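Colleague: I would like to go through this model slowly, one question at a time. Could you begin with a term that we shall need along the way?

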Amino acid sequence: MARPVMMFTGQWADLKLDDMAKAMRDFGFDGLELACWGDHFEVDRANAEADYCEKKREQLEKYDLQCLAISAHLVGQAVCDIIDERHKSILPAYVWGDGDPAGVNARAAEEMKATARAAQKFGVDVVNGFTGSSIWHLLYSFPPVPPKMIDDGFQLFADRWNPILDVFGECGVKFALEVHPTEIAFDIYSAQRALDAVGGREEFGFNFDPSHLLWQGIDPVEFIRAFPDRIYNVHVKDAIVTLNGKSGILGSHIDFGDYRRGWNFRSPGHGGVNFEEIIRALNDIGYQGPLSVEWEDSGMDRMHGAEESCQFVRDMDFTPSNVAFDAAFDKEKQ
């Protein structure tokens, strides 16, 4: 049975949900992974208004679309980050408040708990998102970084996220961290350490996105095989590495889309991700959740890319065989 093909609405939140939903239906998507910004899914209203979730479902059903997960990347980022002026642009005003860093961290944590409750009311059992990190800036160990500083960063993550995950557990909802630079987990080793930091609790797993692994030189398939029981959602996003002797993988302080960068995101099928091997690995672990396009490509019209991506995902998503190819050679079974 083919997995549902979804579109993550995070990069489309400048559009009203009705306008986007109509376009995605026409392109052939099965549903939307709703972002918790714009008017796509509003956590405060979902919890405050008795009929908000019902009306949101009706809004999607009008276009024959489903929703299997919501995403709270922006607020999640502020839970563990060292807060500065950058965060004001990505947070709801009621989370930013007066901008006092400790207050922002605390309000972001409460909003993530509220997101779990909103997801339960809406009838989805996965919230994708970011955690932020207080130690990302220590990535390059100069001046020398004492191991205790890294230990303290993972402890801070556990201290701030365990109470959030308690609420997720109460609500029967899982949190799927998108393993990603600037997060507490950005590769296989740091993902394992994050999982260990929260005691391996079931509420915490991963939103698998190969694009963020590829440019770091990590084999996305190895990530799937490392965490077969923790892949709670899958993003279909591509990236390409274009190192030419002038740039590196750190981005050179050059914005996305600029040809001078050492790597960029691409529309699915236009980069370096080997999606066939990913599908084979997902089949091996029995993943039957959605395949959700996260569309980012600065060099392509997004409507063209969305339509093309839907067909690309359908074409690449094959069902594993239920018979051995050499079964026909076994005379005893004939």
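Modeller: Two strands are said to pair if DSSP finds at least two bridges between them. Please also keep in mind that this is a predicted model.

Colleague: With that in hand, over how many bridges do strand 2 and strand 3 pair?

Modeller: Strand 3 covers residues 70-71, and its pairing with strand 2 is in the parallel sense. Within this pairing, A35 stands opposite S71 of strand 3. Since the question was about bridges, the count between strand 2 and strand 3 is two.

Colleague: On the other side of the story, which residue of strand 2 stands opposite M6?

Modeller: Strand 1, residues 5-8, runs parallel to strand 2 and is joined to it by three bridges. Between them in the chain comes helix 1, residues 17-27, and strand 1, helix 1 and strand 2 make a right-handed β-α-β unit. The residue opposite M6 is G31.

Colleague: How many residues of strand 2 are buried?

Modeller: Buried means a relative accessible area under 20%, and we can apply this to each face of the strand in turn. On one side G31, E33 and A35 are buried, and on the other side L32 and L34 are buried, which leaves both faces covered. For strand 2, residues 31-35, the number of buried residues is five of five.

Colleague: What larger arrangement do these strands belong to, and in which order do its strands run?

Modeller: The pairing is parallel, and eight strands together form a closed barrel. A UniProt annotation from an unreviewed entry, "domain: Xylose isomerase-like TIM barrel", covers residues 22-315, and over that range the chain is 44% helix and 13% strand. The order of strands around the closed barrel is 1-2-3-4-5-6-7-10.

Colleague: Which helix does the chain pass through between strand 4 and strand 5?

Modeller: Strand 4 and strand 5 run parallel and are joined by four bridges, and one of the pairs is G129 with L177 in strand 5. The crossover from strand 4 to strand 5 is a right-handed β-α-β crossover, and the helix it passes through is helix 7.

Colleague: Why is strand 5 described as largely enclosed by the rest of the structure?

Modeller: Strand 5, residues 174-178, also has a parallel neighbour in strand 6, residues 204-208, to which four bridges join it. One residue pair here is E178 opposite N207 in strand 6. Strand 5 is called largely enclosed because the number of its five residues that are buried is four.

Colleague: Which residue of strand 10 stands opposite V236?

Modeller: Strand 7 is joined by three bridges to strand 6, which runs parallel to it, and by three bridges to strand 10, also in parallel. All of strand 7 is covered, for six of its six residues are buried, and helix 11, residues 275-285, lies across strand 6, strand 7 and strand 10. In strand 10, the residue opposite V236 is V293.

Colleague: Finally, is D209 buried or exposed?

Modeller: D209 sits in the loop between strand 6 and helix 9, and its side chain makes a polar contact of 3.3 Å with the side chain of H212. Beyond its neighbours within four places in sequence, D209 is in contact with E178, H235, K237 and E294. Its relative accessible area is 2%, so D209 is buried.

How values were computed:
Residues are numbered from 1 along each chain as its sequence is written. This is a predicted model: local features need pLDDT of at least 70, side-chain atom pairs count only at pLDDT 80 or more; totals for chains, interfaces and linings use all residues. Side-chain values use heavy atoms; hydrogens and water are left out. Contact means heavy atoms within 4.5 Å. Axes are lines fitted to C-alpha atoms, for helices over the stretch in contact, and angles run from 0 to 180 degrees between N-to-C directions. UniProt positions are given in the numbering used here, feature names are shortened, and annotations may be inferred rather than shown by experiment. Buried means under 20% relative accessible area, exposed over 50%, partly exposed in between (1.4 Å probe, protein chains only). A crossover is right-handed if, with the strands pointing away from the viewer, the path from the first strand over the helix to the second runs clockwise. A polar contact is a pair of N or O atoms within 3.5 Å; within protein, one must be able to donate a hydrogen and the other to accept it, and residues adjacent in sequence count only if both atoms are side-chain atoms.
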